[in-house]
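Let's take a walk through this one together, starting from a single residue and working outwards. Have the viewer open and follow along.

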Amino acid sequence: MKNVTLKISGGEFGMPEDADGNVEIITEGKLYKRNGKTYLRYDELPISGMEGCVTTLIMDKDRVKMRRSGDDRGTGEIVFEKGKRYFSEYETPMGLFPLEVLTNHVNNKLNEEGFGDVDIDYHISLDGLIDGRNMIKINVSE
């Protein structure tokens, strides 16, 4: 397991990086590999609204699984895989909501050591509260 720096940005697809609703965080995390997959684990920061939660990203070439665990401010799992539709329930401070994610693409450019970039483009619907096309960019460095 090695210490890494994560730069994670996300928001509505096509919006300027400085637009309201777009978020960028830089945090420390842990990187390890198991069974051909890369794992990134980090503690959520107050800016995310999920302080107290731990997020684990489980990545292989064409798929990213995002798993959050911790207190009652946001737990659950989302799977991003190109062309696949994922249904689940997502727990938030406001309660449990049906979640639907349709992934347009996952571009995993991590090198053998686990450093590099991952870009995810997806449509999300959270019971009418959130409905749109979003993106996540993850940069992993030493």
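Does Asp 119 count as buried or exposed? Keep in mind that you're looking at a predicted model. Asp 119 comes out at 18% relative accessibility, so it counts as buried, given that the cut-off for buried is under 20%. To find it, go to strand β9, which covers residues 116-126.

What does Asp 119 touch, once you set aside its neighbours within four places in sequence? Part of the answer is a run of partners including His 105, Val 106, Asn 107 and Lys 109. The list also has Ile 136 and Lys 137. If you check where the first group sits, strand β8 spans 95-110.

Now slide along to His 123, another resident of strand β9. How does its accessibility turn out? His 123 has a relative accessible area of 34%, so it is partly exposed; that label is for values between the buried limit of 20% and the exposed limit of 50%. Beyond residues up to four places away in sequence, His 123 touches Glu 100, Val 101, Leu 102 and Asn 104, along with Gly 132 and Arg 133. With Asn 104 there's something extra to look at: the two side chains are joined by a polar contact of 3.2 Å. His 123 also gives you a nice long-range pair to click on. Its C-alpha atom is separated by 9.5 Å from that of Glu 12, although the two residues are 111 residues apart along the chain.

Next, over to the surface. Met 94 is in the loop between β7 (85-92) and β8 (95-110). Because its relative accessibility is 64%, Met 94 counts as exposed, the cut-off here being over 50%. Which residues join Met 94 in a nonpolar patch on the surface? They are Leu 129 and Ile 130, and the three together have about 320 Å² of accessible area.

Time to zoom out to the whole chain. There are ten strands and zero helices, so the pattern read along the sequence is simply β-β-β-β-β-β-β-β-β-β. Of the 142 residues, 44% are buried. The accessible surface comes to about 8100 Å², with 47% of that belonging to carbon and sulfur atoms. And if you take the contacts with a separation of 6 or more, residues 24 or more positions apart account for 31% of them.

How values were computed
Residues are numbered from 1 along each chain as its sequence is written. This is a predicted model: local features need pLDDT of at least 70, side-chain atom pairs count only at pLDDT 80 or more; totals for chains, interfaces and linings use all residues. Side-chain values use heavy atoms; hydrogens and water are left out. Helices (H or I, at least four residues) and strands (E, at least two) are DSSP runs, numbered from the N terminus. Buried means under 20% relative accessible area, exposed over 50%, partly exposed in between (1.4 Å probe, protein chains only). Contact means heavy atoms within 4.5 Å. Accessible areas come from the Shrake-Rupley method with a 1.4 Å probe; for residues, only the protein chains shown count as cover. Patches are made of residues with over 30% relative accessible area and no salt bridge: like charges are joined within 9 Å, nonpolar side chains (Val, Leu, Ile, Met, Phe, Trp, Tyr) within 5 Å. A salt bridge is a side-chain nitrogen of Lys or Arg within 4 Å of a carboxyl oxygen of Asp or Glu. A polar contact is a pair of N or O atoms within 3.5 Å; within protein, one must be able to donate a hydrogen and the other to accept it, and residues adjacent in sequence count only if both atoms are side-chain atoms.
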